[in-house]
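Reader: I'm new to this structure and would love a close look at one part of it. Could you pick out the salt bridges and walk me through them, then show me what surrounds them?

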Amino acid sequence: MNILTIPLRNTRRKWVKTLLLLVVFTLGVTSIVSLNYVSSVVGGSLEKKLSAYGANILIMPKSEKLTVSYGGFALGDMALGVHDLNEADVADKVAHIGLRERISVVAPKLVAMAKAGDTAVGVVGVRFDREKILKGYWAVDGAYPTTDDGVLAGSKAAASLGLAPGSELILNGTPVRVAGVLKPTGSDDDSVLFAGMDFAQAHFGQPGHVSFVEVAALCAGCPIEEIVGELRTALPGTDIQALQSIVKQRMYSVDFVKRLILTVSLVILFIACCMVGVTMLASVNERIKEIGLMRSLGFSRGGVFAIFCFEAVLIGLVAGAAGYAGGYALSLKVLALLDMAKDATLSFNPAHMALTGLFIVAVSVLSAFIPAWKAASVEPSEALIAL
């Protein structure tokens with residue numbers, strides 16, 4: 001009989017209590033592992049969905065302003081060195097930055113003024129396939145333009161010009177058809193007309209040129225400043241700005257989910273630790289006589305302490321391995337119920353399983369530290385008197 005066989009014998013002798021403790025601890029580990037997997041997928045999915053509510057990075061031409069005054073009268077600011085961006089060049093350089101996988105969508109814009117009869121109106125050239133991704137909150141009466149001569153009218157612009165889906169309109173002498181009217185958004189989108197980029201470049205600008213580019217970046221995997229830094233390196237002749245308020249709002253939503261999951265996991269882990277501590281403490285109280293006899297037979301305090309710690313190690317190893325496997329399987333089921341399984345890239349990782357097992361062993365030993373210390377403090381005389 002030694003410090004290795006005694007714990008094994010005790011677990012066999014009190015197998016019901018040991019099994020219940022293992023079940024409780026394993027369920028706790030399963031919950032924590034599954035919550036961790038699910039939160040990682042849900043967090044990524046949430047951020048991708050939030051990217052449909054506008055850009056968080058603007059790429060604009062670099063310009064300088066000169067304030068003009070004469071005779072004490074301010075004549076206003078004059079822009080110097082303003083030039084359009086080359087759409088293909090910007091798209092190519094954005095696609096080759098190191099953090100390109102963090103870019104959700106790149107949406108170029110060409111802004112121009114046009115005359116609709118006697119009324120001046122703003123026209124914005126866009127790529128509708130990208131704009132629909134960037135602005136998933138858009139709702140349209142009618143349809144999105146599918147032809148070069150089709151436009152989408154903002155709600156205020158449509159009311160001012162008397163437009164409805166199917167209306168005809170003359171822009172700078174060019175006839176166009178209103179394919180749809182954008183429902184009110186409460187933004188600048190309500191006051192302009194949206195046209196296909198090729199049509200806008202051909203009639204209001206230069207082929208291949210755009211006024212600015214909006215970028216929706218996923219910033220949970222890295223700080224937004226890193227993405228902006230790489231864009232500035234790739235596009236040195238431009239002014240790149242991060243819309244920090246939008247970034248912070250999105251990150252708050254993603255971080256809230258992660259903090260909530262972390263809090264729930266810590267509560268579950270604390271409850272499991274309490275179960276281990278209470279069970280081990282009850283075991284010490286039940287085995288006072290046995291501990292006293294072992295001390296009388298020559299077992300040191302360290303030996304008795306090691307016996308109870310080894311029992312905790314056995315419980316932690318089994319609960320960690322079984323809990324990780326159960327958590328992985330449970331996370332797949334939960335993601336399937338949430339209809340997110342197709343977006344998940346989860347894989348069973350033996351290294352993660354080993355780390356989980358070691359962590360749970362450490363937690364189990366820490367939970368059993370006080371009961372083990374109490375067992376090691378039992379004097380042989382106390383046990384002999386109890387006999």
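Author: Let's begin with Asp 198 and Arg 127, which form a salt bridge whose closest N and O atoms are 3.1 Å apart. Keep in mind that this is a predicted model. Asp 198 sits in helix H6 (residues 197-204), while Arg 127 belongs to the loop between E6 and H4, so this pair ties together parts that are 71 residues apart in sequence. With a relative accessible area of 46%, Asp 198 is partly exposed.

Arg 127 has another partner to look at. Glu 87 also forms a salt bridge with Arg 127, and here the closest N and O atoms are 3.0 Å apart. Glu 87 lies in helix H3 (residues 87-94), and the loop that holds Arg 127 runs between strand E6 (119-126) and helix H4 (128-134), so the two joined parts are 40 residues apart in sequence. Glu 87 is buried, with a relative accessible area of 11%, whereas Asp 198 is partly exposed.

Now move to Glu 214 and Lys 109, whose side chains meet in a salt bridge at 2.8 Å, N to O. Glu 214 lies in strand E13 (residues 212-217) and Lys 109 in strand E5, so this pair ties together parts that are 105 residues apart in sequence. Glu 214 is buried, with a relative accessible area of 15%. Lys 109 is buried too, and its relative accessible area is 2%. Salt bridges with shared partners join Lys 109 and Glu 214 into one network with Glu 131, Lys 135 and Asp 189. A search of the whole structure finds eight salt bridges.

Strand E5 is a good place to turn to the nonpolar interior. E5 covers residues 103-116 and gives six residues to the largest nonpolar core, the largest share of that core. This core has 41 residues, and Ile 57, Ile 59 and Leu 171 touch the most other members. If you want one residue to follow, try Leu 171. Leaving aside residues up to four places away in sequence, Leu 171 touches Ala 114, Lys 115, Ala 116, Val 121, Val 123, Val 176, Leu 193 and Phe 204. There is also a second, separate core of 28 residues, with Met 294, Ile 315, Tyr 324 and Leu 335 among them.

Leu 171 also leads us to strand E9 (residues 168-171), where the side chains alternate. Leu 169 and Leu 171 point to one face and are buried, while Glu 168 and Ile 170 point to the other face and are not buried. E9 pairs with strand E10 (residues 174-182) in the antiparallel sense, over four bridges. Across this pairing, Glu 168 stands opposite Arg 177 in E10. The two strands form a hairpin with two residues between them. Asn 172 has its place in the loop between E9 and E10. Its phi is near 50 degrees, a positive value in a residue other than glycine. Asn 172 is partly exposed, with a relative accessible area of 43%.

For a contrast with the buried side chains, look at the surface along helix H8 (residues 244-286), which gives four residues to a nonpolar patch, the most of any contributor. The patch is formed by Val 24, Val 267, Phe 270, Ile 271 and Met 275, which together have about 440 Å² of accessible area. Phe 270 is found in H8, and at 56% relative accessibility Phe 270 counts as exposed, because the cut-off for that is over 50%. Arg 259 is found in H8 as well and counts as partly exposed, at 43% relative accessibility. Arg 259 and Ser 39 are 220 residues apart in sequence, yet 9.7 Å apart in space, C-alpha to C-alpha.

Finally, step back to the whole protein. It has 13 helices and 14 strands, and buried residues make up 43% of its 387 residues. Among contacts between residues at least 6 apart in sequence, 79% join residues at least 24 apart. The accessible surface comes to about 19,900 Å², and 64% of that belongs to carbon and sulfur atoms.

Key:
Residues numbered from 1 in each chain as written. Predicted model: local features only at pLDDT ≥ 70, side-chain atom pairs only at ≥ 80, totals over all residues. Heavy atoms only, no water. Core = buried A, V, L, I, M, F, W, Y, C linked by side-chain atoms within 4.5 Å. Buried < 20%, exposed > 50% of the residue type's maximum accessible area, 1.4 Å probe, protein only. Contact = heavy atoms within 4.5 Å. Areas by Shrake-Rupley, 256 points an atom, 1.4 Å probe, with all protein chains shown as cover. Patch = residues over 30% accessible without salt bridge, like charges linked within 9 Å, V, L, I, M, F, W, Y side chains within 5 Å. Salt bridge = Lys/Arg side-chain N within 4 Å of Asp/Glu carboxyl O. Pairing = 2+ DSSP bridges.
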